[in-house]
Amino acid sequence: MDNQQKECPGLMLKWEDVWCCVQSKKKIKKRDVDAHANADGDFREKWQWVLRGVSGQAVMGSSLAILGPSGSGKTTLLGALGKKIQRSSSIWVSGKVDVPLGCSVAYVPQDAPFFSKLTVNETLEFVAKMEGFDCKSQSQSQTVVEAAIRRFGLDLCGDTLVGGETTTSLRGISGGERRRLAIACELIRSESNTQKGTKVLIADEPTTGLDAFQADKVVSHLLSIARDEEALVVMSIHQPRSAIFHRLDDIMLLGPGGRCCYLGPAKDATRHFKHIGYPCPEGHNPAEFLVDLVSIDTQSAQSESESWARVKHIRKEWLRVASPVDQRSASVEGNASADLSEEQPRTTGRKRKKVGLLTQLGLLLRRNFTQTVRERRVQITRALGTTVLAFAFGSCHFKLGFGQKSIRRRAAVMLQICINSSLMATIKTLNSFPREKTVVQHELSKKRMDGTAPYGVGPYFLSKILVEAPIDALFPMLFGAIVGPLSGLNRRNRLPFLSTLALQGISASSLGMSVGAFAPSTETALAVGPIAMVLSIMLGDSGGMFAEIPKVLQPVSRFSVIKWGFDGVLASEFSGLRFTCDLDDDTLDDDSAIAREVRRRMCIETGEDVLESMGLAPASITSAAVNQAKLILYNLGATYMFLRLGGSGSSVQPF
């Protein structure tokens with residue numbers, strides 16, 4: 001294919017008759033949408049049109065900037081060109097996109113997420129190694145990383161933590177550096193797929209949120225990619241300054257509702273609009289002038305009507321002068337045509353040795369370990385908080401003794417320890433895992449040309465469990481190790497007691513992971529997680545020490561993370577204990593022999609009697625541990641399933 005590309009320097013990216021709409025308030029059958037696909041009505045009551053029959057082309061070795069006001073469909077069109085939009089019950093898309101055979105398409109979203117505790121160098125190194133650049137030579141990935149660092153001017157921030165998604169308190173690198181890092185990662189991924197590297201690079205608003213200098217720097221790097229590598233760079237720019245506009249090769253101007261109002265050389269744009277009666281004022285930024293032309297002024301009914309009339313006139317004039325290929329492009333020889341309304345077939349890219357599962361696991365273990373170690377301030381704070389809370393808790397329940405009143409107090413301490421350990425582990429996971437899930441799903445969406453992801457959900461999930469499970473077990477054990485001596489808990493069964501708490505921490509964390517994997521955001525996870533924990537607490541006292549669970553809910557209580565931990569610590573605490581009969585003399589007024597016998601029979605002498613009254617036994621320690629392990633597996637299985645479903649594909653939401 002390389003020879004064909006050299007002989008055909010005019011290879012193009014073409015898109016034909018791209019339509020897209022999203023479901024509005026009322027539902028409509030898909031066949032009704034198909035019937036009206038070529039109409040120009042708004043269908044505001046049923047569907048909202050985002051793109052309306054957009055066609056065009058862009059030549060390799062050039063840059064194309066998509067301009068337009070907010071809501072004009074810029075992001076949607078880029079998603080369609082990058083094949084990131086999937087047809088569903090709420091999104092309807094049709095049209096064809098022709099990509100030159102053998103060319104990879106790299107897509108950079110508006111705000112690419114990263115692991116916050118990795119440096120820029122480590123982030124690029126992970127991408128390079130996961131793409132197999134170390135399969136032949138151990139130094140190959142380092143060479144690729146160094147080249148990317150130099151190329152995108154990341155030398156000064158190479159050893160700086162990225163910051164961002166997985167840790168909100170860490171500022172990290174600047175916005176411009178993040179955009180350049182995202183582009184560098186995409187180029188490394190694309191280079192691993194084709195013989196000559198990236199051919200099509202799509203960047204969604206790479207300058208948004210940046211100052212003029214940083215925006216110019218990012219655009220300069222994108223233009224150099226198009227110029228130096230004969231690649232095609234397609235980007236959407238919201239408010240480019242005039243210096244950027246004059247350096248672009250081509251522009252596309254989208255109006256409201258995804259109407260194409262211009263597509264052609266940037267240098268000819270002002271001439272075209274002057275010809276149809278809209279001259280650009282001298283000294284005015286051409287980009288701002290063009291966007292203003294197709295924007296709708298809603299301050300009054302009259303201004304809105306005038307704006308729509310202007311847009312319709314511009315659209316009409318463009319359709320009149322546009323060449324047929326701009327209005328409806330035909331497939332070109334040497335291109336792979338893909339119908340957006342159908343599932344996209346995978347093309348074959350460069351033959352490259354893939355990274356094996358063990359290598360994936362090793363790289364992911366290293367990344368998760370690095371991320372965890374660099375959160376040492378959080379871990380130290382958590383350890384200090386656990387220690388202070390444990391001393392306060394032990395002081396409130398200091399030296400419980402072995403009287404009859406201590407039985408109920410010991411059970412209360414066991415329940416409170418389980419609740420405390422579970423809440424701390426669950427809240428920590430609910431706050432962190434949804435953020436990490438966003439980064440992982442972004443990485444899994446980066447499909448290679450053969451349809452495979454950079455790594456599997458399985459290796460990632462296993463690496464996370466291996467790194468974080470010991471930490472989840474450590475803090476409950478620390479809490480129990482401090483409270484035990486202060487409260488005078490059973491010393492002979494201290495190891496089973498701490499082991500049960502360790503499983504309790506892991507079980508609660510696995511519950512947080514399953515909720516976090518299911519929830520679409522951190523806020524939702526933090527809203528749903530406490531509900532699950534309250535239900536677990538309500539169903540945790542299955543022995544009836546403090547409250548009776550209705551029989552109809554007893555089967556559900558088997559899924560409570562509190563129940564099995566509570567059963568386990570009760571069995572470890574009361575096994576082997578003996579209690580004194582210290583009932584007050586005023587329990588019975590009479591001090592006769594009969595009264596003394598009654599008092600003696602009212603006393604509970606052994607811990608086994610306590611366990612028997614709750615339907616437990618010393619062997620319940622093992623049974624509770626087994627059921628805790630089952631609950632951990634259930635939650636981890638649910639988490640894995642949710643991650644698989646969430647990372648199986650990638651999509652770009654319209655707008």
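Where is the place of Glu230 in the chain?

**Exercise 1. Place Glu230 and judge its backbone.**

Step 1. Glu230 sits in the loop between helix 7 (212-229) and strand 7 (232-236). Helices (H or I, at least four residues) and strands (E, at least two) are DSSP runs, numbered from the N terminus. This is a predicted model, where local features need pLDDT of at least 70, side-chain atom pairs count only at pLDDT 80 or more, and totals for chains, interfaces and linings use all residues. Residues are numbered from 1 along each chain as its sequence is written, and side-chain values use heavy atoms, with hydrogens and water left out.

Step 2. Check phi. For Glu230 the value is positive, near 55 degrees, and the residue is not glycine. Most residues other than glycine have a negative phi.

Step 3. Check exposure. Buried means under 20% relative accessible area, exposed over 50%, and partly exposed in between (1.4 Å probe, protein chains only). Glu230 counts as exposed because its relative accessibility is 52%.

**Exercise 2. Do the same for Asp17.**

Step 1. Asp17 is part of strand 1 (residues 12-23).

Step 2. Its phi is positive, about 50 degrees, although Asp17 is not a glycine.

Step 3. Asp17 counts as buried, because its relative accessibility is 17%.

**Exercise 3. Describe the chain as a whole.**

Step 1. Count the elements. The protein chain has 22 helices and 10 strands.

Step 2. Take the buried share. Of the 655 residues in the protein chain, 53% are buried.

Step 3. Look at contacts (heavy atoms within 4.5 Å). Among those with a separation of 6 or more, 79% join residues 24 or more positions apart.

Step 4. Take the surface. The protein chain exposes about 30,100 Å², and carbon and sulfur atoms supply 56% of it. Accessible areas come from the Shrake-Rupley method with a 1.4 Å probe; for residues, only the protein chains shown count as cover.

**Exercise 4. Is helix 4 enclosed or open, and what covers it?**

Step 1. Nine of the 11 residues of helix 4 (residues 120-130) are buried, so this helix is largely enclosed by the rest of the structure. Among them are Val120, Leu124, Phe126 and Met130.

Step 2. Find the cover. It includes helix 5 (140-151), helix 6 (175-191), helix 13 (357-373) and helix 15.

Step 3. Look past the end. Gly132 follows helix 4 and has a positive phi, near 90 degrees.

**Exercise 5. Work out how helix 4 packs on helix 5.**

Step 1. Two packed helices are described by the angle between their axes and the distance between the axes. Axes are lines fitted to C-alpha atoms, for helices over the stretch in contact, and angles run from 0 to 180 degrees between N-to-C directions.

Step 2. Helix 4 and helix 5 pack at about 130 degrees, with axes 9 Å apart. That angle makes helix 4 oblique to helix 5. Angles under 35 degrees count as roughly parallel, over 145 as roughly antiparallel, 65 to 115 as roughly perpendicular and the rest as oblique.

Step 3. Helix 4 passes helix 5 in a right-handed crossing. A crossing is right-handed if the near helix is turned clockwise from the far one by less than a right angle, and left-handed if anticlockwise.

Step 4. Name the residues. Val120, Asn121, Leu124, Glu125, Ala128 and Lys129 of helix 4 meet Ser141, Val145, Ala148 and Ile149 of helix 5.

Step 5. Sort them by class. The contact of helix 4 with helix 5 has six nonpolar, two polar and two charged residues. Ala, Val, Leu, Ile, Met, Phe, Trp, Tyr, Cys and Pro count as nonpolar, Asp, Glu, Lys and Arg as charged, and the others, Gly among them, as polar.

**Exercise 6. Analyse helix 15 against helix 18.**

Step 1. Helix 15 (residues 404-444) and helix 18 (residues 522-538) pack at about 160 degrees, with axes 9 Å apart. Helix 15 is therefore roughly antiparallel to helix 18.

Step 2. The crossing of helix 15 past helix 18 is right-handed.

Step 3. Contact residues include Leu423 and Leu430 in helix 15, and Leu526 and Met533 in helix 18. By class, the contact has nine nonpolar, five polar and one charged residues.

**Exercise 7. Locate His397 and its partners.**

Step 1. His397 lies in the loop between helix 14 (376-396) and helix 15.

Step 2. His397 is buried, with a relative accessible area of 15%.

Step 3. Leaving out residues up to four places away in sequence, His397 touches Arg409, Val413, Gln416, Leu486 and Ser487.
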